[in-house]
Amino acid sequence: MNPTVSDIKSPASVSRLRCIQCGKVTDRADQDFRCPNCGDLFEVFYPGWHADGSTTTGQPPDTLKQLWRDRKTSLAPADTSGVWRFRELLPQLQPGHEPITLREGNTPLYELPRCARPAGIEFLQAKHQGMNPTASFKDTGMTTAASFARQEGFRWVACASTGNTSASMAAYAARGGMRSLVLIPEGKISWGKLSQSLDYGAVTCQLRTDFDGCVRVLNELVKRKPIYLLNSVNPYRIEGQKTAAIELMEQLSWQPPDHIVVPGGNLGNSSALGKALIEMRDLGLIPRLPKLSVIQAEGANPFFRSIYEHSGKKLIPMEAETLATAIRIGNPASWKKALRVVETTGGAVQQVNEVEMALAKAEIGSDGVGCEPASAVTLAGLKKLVKQGFVRPNESVVLILTGHVLKDPEFTLKFHRGDLFTGTPHEKDALVLAKQQRAPLVLDATVEAVVKAVEQFESESTQ
Ligand code: F0G
């Protein structure tokens, strides 16, 4: 008989924390989530998976797959969450503690036929993590980390953010009855994201600095006040974010694509997706690893530079500048974790310029999908990887779209009005975007005027 939802007593969820640099093992990190020995990051690991010398959760892979499929018909909150449905591969909450969930995950996998063409490949798909409750991938990690914050008795949670983490954290804190403190760079996040954290009741501080400056302030703050840190240095965030890769493999009937392409900012997401892929391979859930490639914006490319200028041996922080404000990050916390993922999966690291990103965003929109600017670096980067021969035309590729198109409508409007790059060094290069631009038309309120506009559009598009 198939296992049912009530069968869950998995030894898999016994988890501990281990420093990625010096290997120190602990069950409880300090409030800054840094190793007290060497200052590096912790990751969650599951000692039980290796208890008998093999790699196993205690349940055969096919049993787990069936269990996760069965939960889709359950109405229990933890089963309707696209994160907690996979709880055998997550740290376990103690008895009596329920997850804080907004039914995150469960995001669609779309085909992108119109984008495949300019990318130079035959078959392209996108997993749209912008279809989460607060419209970005952050919700998948926030449900786990916020649940652990509440379990530990914290009244306050906090993050530094380029806007999506803060929106997500504010929502989950509100759901979980906790207060939230948001540190964001003044004037450098989109209005949509700022308004979300206000709506969810966060104490929102716009600091006169950039994202990296906000992180510095927050790291000091959590040492002084009983505030739980919800940036992606928190390893429980990474565990939740892993589930996007698990869900993706399920959507692909456990047959990995050849490539997965992810935007890189603070590098938590690539670390999380890669961790899941490696764990799934080790547990026998998938037969092989897809290559995970990370794409950065040229003006915020410290990871790209680390690879190409320092062979990944060190990362030199930089002052970041890009219109993709979500990834305007010069000192990514999780770069060592992401490096390990890229190396283990055999992926690549690439960078794209602002115009390439804007074009790719419009192309994704033209497939009826849409995303925020940072997500579009994936398609722009894929084009380069195809040109370089790293991705072959007949290989299967999944782009991870991280945020919803409505997160940053100002970017989209400026793009279509043709003034996104006015007064910037990209102004001349941006002329190539004209074909994609569709400024809204202001017309007289007559049928003739509208018919004329449609006819003009038709004659232009057949030219
Ligand atoms: N895409 C979007 C839409 C993001 O919001 C972020 C990061 C990334 C990509 C990059 O992911 O940092 O894990 O490499 N946003 C963070 C924030 C930093 O504060 O919302 P990453």
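1. Let's start with the largest pocket of this predicted model. About 710 Å³ of space lies in that pocket. Its lining counts 26 residues, and those nearest the centre are Lys435, Gln436, Gln437, Arg438 and Phe457. Three elements give two or more residues each to this lining: α12 (354-366), α14 (409-417) and α15.

2. Helix α15 is worth a look while you are at the pocket. With 6 residues, α15 provides the largest share of the pocket lining. This helix, residues 447-462, is also the element where confidence is lowest, though the mean pLDDT there is still given as 93. By class, the pocket lining is made up of 12 nonpolar, 10 polar and 4 charged residues.

3. Now for the enclosed space. The structure has 1 cavity of 30 Å³ or more, and the space in the largest cavity comes to about 300 Å³. Lining the largest cavity are 26 residues, with Phe137, Lys138, Gly265, Asn266 and Ala326 lying nearest its centre. Two or more residues each come from α5 (164-175), α8 (235-251) and α9 (268-282). Among the elements, α9 gives the most, with 3 residues.

4. You may like to know what kind of residues face this cavity. Polar residues number 14 in the lining, beside 9 nonpolar and 3 charged ones.

5. On to the ligand, which has 20 residues around it. The closest are Ser161, Asn164, Asn266, Leu267 and Thr402. Asn266 is thus a name you have met before, as one of the residues nearest the centre of the largest cavity.

6. Which polar atoms lie by the ligand's oxygen and nitrogen atoms? For Lys138, an N or O atom of the side chain is 3.0 Å from a ligand nitrogen. For Thr162, the backbone is involved: one of its N or O atoms is 2.8 Å from a ligand oxygen. Gly265 likewise places a polar backbone atom 2.8 Å from an oxygen atom of the ligand. Lys138 and Gly265 also appear among the residues nearest the centre of the largest cavity.

7. A friendly word on confidence to finish. The protein has an average pLDDT of 95, and 96% of its residues score at least 70. Strand β11 (residues 291-297) marks the highest confidence, at 99. Over residues 1-12, by contrast, pLDDT stays under 50. For that stretch the model has 24 contacts beyond four places in sequence.

Terms used. Residues are numbered from 1 along each chain as its sequence is written. This is a predicted model: local features need pLDDT of at least 70, side-chain atom pairs count only at pLDDT 80 or more; totals for chains, interfaces and linings use all residues. Side-chain values use heavy atoms; hydrogens and water are left out. On a 1 Å grid over the protein atoms alone, a cavity is a set of points where a 1.4 Å probe fits but cannot get out, and a pocket is an open set with protein on both sides within 12 Å along at least five of seven lines; lining residues have an atom within 4 Å of a point. Grid points are joined across faces, edges and corners, and a volume is the space filled by probe spheres set on the points. Helices (H or I, at least four residues) and strands (E, at least two) are DSSP runs, numbered from the N terminus. Ala, Val, Leu, Ile, Met, Phe, Trp, Tyr, Cys and Pro count as nonpolar, Asp, Glu, Lys and Arg as charged, and the others, Gly among them, as polar. pLDDT is the predictor's confidence in each residue, from 0 to 100. Contact means heavy atoms within 4.5 Å. A residue is near a molecule or strand if one of its heavy atoms lies within 4 Å of it. A polar contact is a pair of N or O atoms within 3.5 Å; within protein, one must be able to donate a hydrogen and the other to accept it, and residues adjacent in sequence count only if both atoms are side-chain atoms.
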